[in-house]
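Biologist: Please pick one part of this model and go through it closely. I would like the strand order and pairing first, then the helices.

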Amino acid sequence: MTARGAGRRHRVVITNFAFYPGYKAGGPIKSVAEILDRLDQTVSCLLITSDRDLGDGEPYPGLSGRIIQRGSHEVYYLDRSNARHWMRALRLTRRARPEVLYLNSFWSPMFTVLPVLAALVRLVRPNEILLAPRGELSPGALELKGTKKRAFLLVWSALLRLARTTFHASTDIEARHITAVLPWSHSIVQINSSGPTPRDAPLPPHADARIVFLSRISRKKNLGLALDALTTVPSRVALDIYGPIEDHALWAEYTEVISRMPANVTVRYCGELAPAAVADTLARYDAFAFPTLGENFGHVIAESLAAGCPVICSTETPWGPVLENGGGVVVPTFSTAAWGEALTAWASLPVAQRQSAKERTLVAYRHWREDANDQTAIEALLTAPRPAETTTRASASAHRAER
């Protein structure tokens, strides 16, 4: 990496509301892990994270308040309700003297808002603040609790601008979503993943189509649309649902829809799935239905493609070209009719055609993976030339965007 101040180590402090051994938060955990594991050897990080998984009341055994080594990086697990843990996190951050403060979430009160406020009052003094919204500024995601978000944005936008925040977008689409909400913003566009290793060959399909949904049970993941659509499918089809129930009131709505399924449709909730079991589980299905309201990357989509499981997906992910090139289907709208039509078409495919679709999925995914960029957003920021003192922030942003 040809970075600013080449030949010296660069210190980065990362915050994320969850990390391994947790898994319920999904993509952000995997994104941060890949960044740590792929960073150039001249960059060392301190990751500050929670001592428990998303939604859990109990901490991970033996990790609360501890610093764990991950390669050349350190991971500090704190109890969010423990003031002493937060004071230690502050001391560790100040001692690190980070060149970059990298925040993973647009809305997180403790792991984004608090660090930005600390930087503004100079409790910590990073040279750069890099913020990854992780798909939270997509139109679909913004509609959830939209009134509260719009009210908070009136103040939050001004604070982020005052902090001279740079944004990390995974795709040009996400960069446009960020600009639509924050017209003054500038973004580094960088996918921080090369995806999991693909299978050598797909597992054979079933006599009757078997479809899977694997994600958190939350409004953003939009499982309800797939359930409504299944009530219109005339062919025999089974849907298995995996994932933590984040919203229990929403799950009650979904179970009511499941109780009204026609006799030809079988729906099962199969509980949570350990990360080690994801690839083998996805490989057993004929398709993955994912009507998500917005993904900045979508690690679970990459995992499905790598397992040879075609993806029936919304337009709100960066995977459209891969799916259209053989990895599955992009459903153009969020209407029940459009999703019912897509699921009906898939469920009625003969076994041989479903086998062919699984094979095409692996080919399309391998092609995408060959073109994946190994650089992380942190390295992209560090390698951007520092603008001269007389250069305006806007012109510096344009120069970064060009790179």
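Modeller: Two strands count as paired if DSSP finds at least two bridges between them. The model is a predicted one, and the part I take is the sheet with the order S11-S10-S9-S12-S13-S14.

This sheet is open, has six strands and is parallel in its pairing. Strand S11 (265–269) and strand S14 (328–330) are its edges, each pairing on one side only. From one strand to the next, the twist averages 20 degrees. Strands of a sheet pair through backbone hydrogen bonds, in either a parallel or an antiparallel way. For strand S9 (residues 209–214) and strand S10 (residues 237–242) the sense is parallel, and the pairing runs over six bridges. Within that pairing, Phe213 stands opposite Ile241 of S10.

Helix H10 (residues 299–306) lies across three strands: S9, strand S12 (287–290) and strand S13 (311–313). The direction of H10 is at about 165 degrees to S12. Because angles over 145 degrees count as roughly antiparallel, H10 runs roughly antiparallel to S12.

Next comes a pair of helices. Two packed helices are described by the angle between their axes and the distance between those axes. For helix H7 (residues 223–230) and helix H8 (residues 248–258), the angle is about 10 degrees and the axes are 10 Å apart. H7 is therefore roughly parallel to H8, the cut-off being an angle under 35 degrees. On the H7 side, Leu223, Gly224, Leu227 and Asp228 make the contact; H8 contributes Trp251, Tyr254, Val257 and Ile258. Sorted by class, the residues in this contact are six nonpolar, one polar and one charged. The polar one is Gly224 and the charged one is Asp228.

Last is helix H12 (residues 336–347), with 12 residues. At 1.5 Å a residue H12 should span 16 Å, and its end C-alpha atoms are 16 Å apart, so the two values agree. An α-helix has 3.6 residues a turn, so residues three or four places apart point the same way. The buried residues of H12 are Ala338, Trp339, Gly340, Ala342, Leu343, Trp346 and Ala347. Two of these are tryptophans, Trp339 and Trp346.

Key:
Residues numbered from 1 in each chain as written. Predicted model: local features only at pLDDT ≥ 70, side-chain atom pairs only at ≥ 80, totals over all residues. Heavy atoms only, no water. Axes fitted to C-alpha atoms, helices over the stretch in contact; angles between N-to-C directions. Helix = DSSP H or I, 4+ residues; strand = E, 2+ residues; numbered from the N terminus. Parallel < 35°, antiparallel > 145°, perpendicular 65-115°, else oblique. Contact = heavy atoms within 4.5 Å. Expected span 1.5 Å × (residues − 1). Buried < 20%, exposed > 50% of the residue type's maximum accessible area, 1.4 Å probe, protein only.
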